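Trainee: I have a model open and a list of labels to justify. Can we go through them one at a time?

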Amino acid sequence: MGFSFLTQELAMDLGTANTVIFQNDEIVLDEPSIIAIDNNTGKPIALGQKAKLMHEKVNPSIKTIRPLKDGVIADFNAAELMIRGFIKEVNSRRRSIFTPNLKIVVGIPSGSTEVEIRAVRDSAEHAGGRDVYLIFEPMAAALGIGMDVEAPKGNMVVDIGGGTTEIAVISLGGIVQQNSIKVAGDVFTSDIQYYMKQQHNIKVGEITAEKIKIAVGSVITDLDVEPEPMLVRGPNLMTAHPVDATITYQEVAHCLDKSIARIEAAVLHVLEQTPPELYSDIVESGIYLSGGGALLRGLDKRLSEKVNIPFHVAEDPLRAVARGTCLALKHTDRYPFLMR
């Protein structure tokens with residue numbers, strides 16, 4: 001390596017909802033992908049968790065931006081400021097006179113267009129990356145789950161993130177079949193907001209809807225371990241008086257039903273196109289779920305019943321992509337699927 005102390009290596013899972021950065025096999029940053037910007041100067045005021053606390057609570061001189069939408073960069077300038085801010089945060093912990101050469105591996109959705117791939121690469125380069133490698137997220141998820149992606153064997157991953165659900169069949173270090181749909185965490189959150197409006201006449205914000213999803217989120221109506229119903233407060237749509245509503249996991253399962261059905265259809269669609277030899281490998285080893293959406297209660301059970309193939313939730317599914325990106329960083333010379 002030579003001047004290894006002059007080269008800093010970071011693995012970044014740049015997600016719609018959260019950004020995770022690994023360095024030397026440990027997580028050095030895990031923050032919501034959100035930035036607060038001063039409207040007058042365009043300078044960042046807060047990043048990550050601090051900015052998330054401001055989200056939906058700001059005055060006109062400040063705006064909070066989630067730079068990624070549906071897995072891709074929607075606001076180029078904000079994305080760059082955010083990535084730069086996060087890298088700076090990681091670096092503030094090192095005491096070094098040199099500005100190190102940055103080598104970064106970034107995960108991107110498998111359905112990304114050339115333009116979208118370019119946007120991520122440019123943002124990472126503008127934020128100081130000297131060597132920027134890109135890896136498709138389902139591939140990173142498979143690595144992070146611990147699959148042998150280079151084996152001549154079919155592996156299937158369903159990664160449900162904040163902006164996209166990535167479904168991929170992997171064999172011999174490449175993606176054989178893939179599908180990327182824009183039904184994921186953000187859609188579930190807005191499903192819940194809509195449901196609260198329709199059924200309970202309560203207006204809830206994105207943050208509260210996300211809390212409901214985490215506390216009582218489910219995709220089946222009969223769970224073995226039932227979460228306690230959640231009390232939600234908000235303004236009545238008609239009168240603006242404060243009202244309370246109690247939400248059960250059955251209600252959430254009901255309101256997420258259509259979105260989950262779309263994920264099921266996408267999974268079946270990929271399986272239909274999978275070559276038979278790989279298909280039989282998948283039936284044998286099962287399909288792995290990663291991403292925050294894998295934490296929805298009963299998802300493995302519901303999908304297994306629908307598809308007739310066992311589904312397994314990866315351990316620590318939220319960080320599977322980040323862990324895989326971290327593994328790819330160690331072997332940038334070895335893995336042919338990394339894009340420069």
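Mentor: What follows takes each label, sets the value against its cut-off and concludes. Keep in mind that this is a predicted model.

Trainee: Start with the whole chain. What does the chain contain in helices and strands?

Mentor: The chain has 10 helices and 17 strands. Its C-alpha atoms fill a box of roughly 65 × 60 × 35 Å along the principal axes.

Trainee: Why is the chain called as compact as a globular protein of its length?

Mentor: The radius of gyration is 21 Å. The globule rule gives 20 Å for 340 residues. The two are close, so the label holds.

Trainee: How much of the chain is buried, and what share of its contacts is long-range in sequence, at 24 or more positions apart?

Mentor: Of the 340 residues, 50% count as buried. Among contacts with a separation of 6 or more, 63% join residues 24 or more positions apart. The accessible surface is about 16,200 Å², and carbon and sulfur atoms hold 51% of that surface.

Trainee: Now the helix pairs. Why is helix 4 called roughly perpendicular to helix 10?

Mentor: Helix 4 (residues 137-145) and helix 10 (residues 320-330) pack at about 85°, with axes 6 Å apart. The perpendicular range is 65 to 115 degrees. The angle lies in that range, so helix 4 is roughly perpendicular to helix 10.

Trainee: Which residues make that contact between helix 4 and helix 10?

Mentor: From helix 4: Glu-137, Ala-140, Ala-141, Leu-143, Gly-144 and Ile-145. From helix 10: Ala-320, Val-321, Arg-323, Gly-324, Thr-325, Leu-327 and Ala-328. The contact residues divide into eight nonpolar, three polar and two charged.

Trainee: What makes helix 4 "mostly covered"?

Mentor: Eight of the nine residues of helix 4 are buried. They are Glu-137, Pro-138, Met-139, Ala-140, Ala-141, Ala-142, Leu-143 and Gly-144. Gly-146 follows helix 4, and its phi is positive, near 105°.

Trainee: Why is helix 5 called roughly perpendicular to helix 6?

Mentor: Helix 5 (residues 185-200) and helix 6 (residues 206-216) pack at about 100°, with axes 9 Å apart. The range again runs from 65 to 115 degrees. Therefore helix 5 counts as roughly perpendicular to helix 6.

Trainee: Which residues of helix 5 and helix 6 meet?

Mentor: Gly-185, Phe-188, Thr-189, Ile-192, Gln-193 and Met-196 in helix 5 meet Glu-206, Ala-209, Glu-210, Ile-212 and Lys-213 in helix 6. That contact divides into five nonpolar, three polar and three charged residues.

Trainee: Phe-188 is in helix 5. How do you know whether Phe-188 is buried or exposed?

Mentor: The relative accessible area of Phe-188 is 2%. Buried means under 20%. So Phe-188 is buried. Leaving out residues up to four places away in sequence, Phe-188 touches Ile-160, Val-183, Lys-213, Leu-256, Ser-259, Ile-260, Ile-263 and Leu-296.

Trainee: And Cys-255: buried or exposed?

Mentor: Cys-255 sits in helix 7 (residues 249-273). Its relative accessibility is 15%. The cut-off is 20%, so Cys-255 counts as buried. Beyond its neighbours within four places in sequence, Cys-255 contacts Asp-191, Ile-192 and Tyr-195.

Trainee: Why is Thr-113 called partly exposed?

Mentor: Thr-113 lies in the loop between strand 9 (101-108) and helix 3 (114-126). Its relative accessible area is 40%. Buried needs under 20% and exposed needs over 50%. The value meets neither limit, so Thr-113 is partly exposed.

Trainee: What makes the phi of Glu-56 stand out?

Mentor: Most residues other than glycine have a negative phi. Glu-56 is not a glycine, yet its phi is positive, about 65°. Glu-56 lies in the loop between helix 1 (48-54) and strand 6 (62-65). At 44% relative accessible area, Glu-56 is partly exposed.

Trainee: What is the phi of Asn-308, and why is Asn-308 called exposed?

Mentor: Its phi is near 65°, a positive value in a residue other than glycine. Asn-308 is in the loop between helix 9 (299-307) and strand 17 (311-313). The relative accessibility of Asn-308 is 67%. Exposed means over 50%, so the label fits Asn-308.

Note on methods. Residues numbered from 1 in each chain as written. Predicted model: local features only at pLDDT ≥ 70, side-chain atom pairs only at ≥ 80, totals over all residues. Heavy atoms only, no water. Axes fitted to C-alpha atoms, helices over the stretch in contact; angles between N-to-C directions. Helix = DSSP H or I, 4+ residues; strand = E, 2+ residues; numbered from the N terminus. Parallel < 35°, antiparallel > 145°, perpendicular 65-115°, else oblique. Contact = heavy atoms within 4.5 Å. Nonpolar A, V, L, I, M, F, W, Y, C, P; charged D, E, K, R; others polar. Rg over C-alpha atoms; globule rule 2.2 N^0.38 Å. Buried < 20%, exposed > 50% of the residue type's maximum accessible area, 1.4 Å probe, protein only. Areas by Shrake-Rupley, 256 points an atom, 1.4 Å probe, with all protein chains shown as cover.
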